[in-house]
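Take a first walk through this protein, one part at a time. Start with how far the model can be trusted, then follow the chain into its sheets and its interior.

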Amino acid sequence: MDDLERELRDLSAWLDTPEPPDVTARVRARLAAPAPRRRRWRYYLAAALVALLVALLPPGRAALADAVTGLLRFAGITIATSPAPALPTGEPSPLPSQRPAALHEAQRLVHFPIRLPAKLGPPEQVLVADPDRTGSYRVATLLYRGGTLRIDAFDGRLDPAFHKLAMGPGVELIEVDAGYAVWVGGPHALTYVDRTGTAREETARLAASTLIWEEAGVSYRLEGDLAKPDAIEIANSLR
């Protein structure tokens with residue numbers, strides 16, 4: 001034993017050392033108590049960020065997800081993210097009062113500008129559907145590639161015009177030049193909802209991959225056998 005160790009041992013007799021505290025009750029109370037402020041702020045910050053994201057999106061573009069019902073409302077379209085019982089197999093009926101129209105005529109029949117994708121050029125056919133009492137149509141559809149590729153445009157400030165039953169987990173929120181968009185990356189059921197809010201089940205059909213977005217109060221859905229990057233490129237080329 002060296003001199004330093006001996007001196008420390010001698011000094012210990014002069015020190016008043018209390019009994020070790022019982023920390024069990026203290027730990028239990030700590031666990032039962034609300035999170036300390038330095039931890040709670042993280043939860044508050046996360047909630048504030050979510051609220052800020054929704055607040056920054058214009059009403060027609062805001063995606064409102066309901067984790068209980070499995071619904072996503074976005075740009076005038078309601079998407080059921082829960083798996084549907086079955087996909088439609090029959091031939092669907094056209095949208096209400098749907099008819100072909102020349103592009104310049106269709107532009108007169110709707111209350112929103114019909115924009116064309118520079119990536120695709122002029123459409124092979126234009127359809128208008130669901131007129132009101134004044135003769136103003138609610139939906140304009142541009143058809144390409146023999147009708148296998150289509151762009152539906154409608155007033156996104158109105159009540160939902162389409163109801164999708166998306167199968168599986170292939171529904172995601174992405175970005176396009178206009179802002180946020182929803183990508184449905186696989187086959188899904190599509191039903192039209194008329195001006196009264198009634199789902200027209202006779203219009204139900206099996207839809208291909210679809211990109212949904214809204215810009216300047218107009219909602220768009222691009223549908224076809226497309227990969228997500230190609231769909232985004234077409235959406236970004238609207239003029």
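pLDDT is the predictor's confidence in each residue, on a scale from 0 to 100. It matters here, as this is a predicted model. Across residues 41–69, pLDDT stays under 50. The model has 27 contacts beyond four places in sequence for that stretch. Residues 10–17 also stay under 50. For them the model has 0 contacts beyond four places in sequence. Where pLDDT is low, the predicted coordinates should not be read in detail. The protein as a whole averages a pLDDT of 76. Of its residues, 64% score at least 70.

Now the overall build. The protein has 5 helices and 14 strands. It has 239 residues, and buried residues make up 39% of them. Many contacts span long stretches of sequence: among contacts with a separation of 6 or more, 58% are between residues 24 or more positions apart.

Next, the sheet. Its 8 strands follow the order S4-S5-S6-S7-S14-S13-S10-S9. The sheet is open, and the pairing is antiparallel. Which strands stand at the edges? They are S4 (99–100) and S9 (171–176). Each has a single partner strand, so one side of each is left without a neighbour in the sheet.

Stay with the edge strand S9. Its pairing with S10 (residues 179–184) is antiparallel and runs over 6 bridges. A hairpin joins S9 to S10 through 2 residues. Two of the bridge partners can be picked out by name. Val176 is matched with Gly179 in S10. Val171 is matched with Val184 in S10.

A helix belongs in this picture too. H5 lies across S9, S10, S13 (210–215) and S14 (218–223). Its direction makes an angle of about 40° with S9. H5 covers residues 228–236, and Ser237 is found in the segment after it. Is Ser237 buried or exposed? Its relative accessible area is 8%, so it is buried, the cut-off being under 20%. Setting aside residues up to four places away in sequence, Ser237 touches Leu116, Pro117, Ala118 and Lys119.

Turn to another hairpin, the one formed by S11 and S12. Strand S11 covers residues 188–193, and strand S12 covers residues 199–207. The two run antiparallel and are joined by 5 bridges. Val193 has Ala199 in S12 as its bridge partner. There are 5 residues between the strands. In the turn, Gly197 has a positive phi of about 90°.

Thr191 is found in S11. Thr191 has a relative accessible area of 7%, so it is buried. Beyond residues up to four places away in sequence, Thr191 touches Ala161, Phe162, His163, Ala199, Arg200, Glu201, Thr203 and Ala204.

What fills the interior? The largest nonpolar core has 31 residues. Those with the most contacts inside it are Phe112, Ile114, Val176, Leu211, Trp213, Tyr220 and Leu222. Val176 is the residue already met as the bridge partner of Gly179. Phe112 reaches several parts of the chain. Leaving aside neighbours within four places in sequence, Phe112 is in contact with Gln107, Arg138, Ala140, Ala153, Phe154, Asp155 and Val218. There is also a second, separate core of 16 residues. Among its members are Ala75, Ile77, Val139 and Ala207.

Last come the aromatic rings. A pair of aromatic rings is described by the distance of the centres and the angle of the planes. This protein has 3 aromatic pairs. One of them is Phe162 with Tyr192, an edge-to-face pair. Their centres are 5.4 Å apart, with 75° between the planes. This pair links distant parts of the chain. Phe162 is in strand S8 (residues 162–166) and Tyr192 is in S11, 30 residues apart. Both Phe162 and Tyr192 are buried. Trp213 and Tyr220 make another pair. Their ring centres are 5.3 Å apart and the planes lie at 20°, so this pair is stacked. Trp213 counts as buried, at 2% relative accessibility. Tyr220 also counts as buried, at 2%. Finally, Phe154, Phe162 and Tyr192 form one aromatic cluster.

Methods. Residues numbered from 1 in each chain as written. Predicted model: local features only at pLDDT ≥ 70, side-chain atom pairs only at ≥ 80, totals over all residues. Heavy atoms only, no water. Contact = heavy atoms within 4.5 Å. Helix = DSSP H or I, 4+ residues; strand = E, 2+ residues; numbered from the N terminus. Buried < 20%, exposed > 50% of the residue type's maximum accessible area, 1.4 Å probe, protein only. Pairing = 2+ DSSP bridges. Axes fitted to C-alpha atoms, helices over the stretch in contact; angles between N-to-C directions. Core = buried A, V, L, I, M, F, W, Y, C linked by side-chain atoms within 4.5 Å. Phe/Tyr/Trp six-rings, centres within 6.5 Å; stacked < 30°, edge-to-face > 60°.
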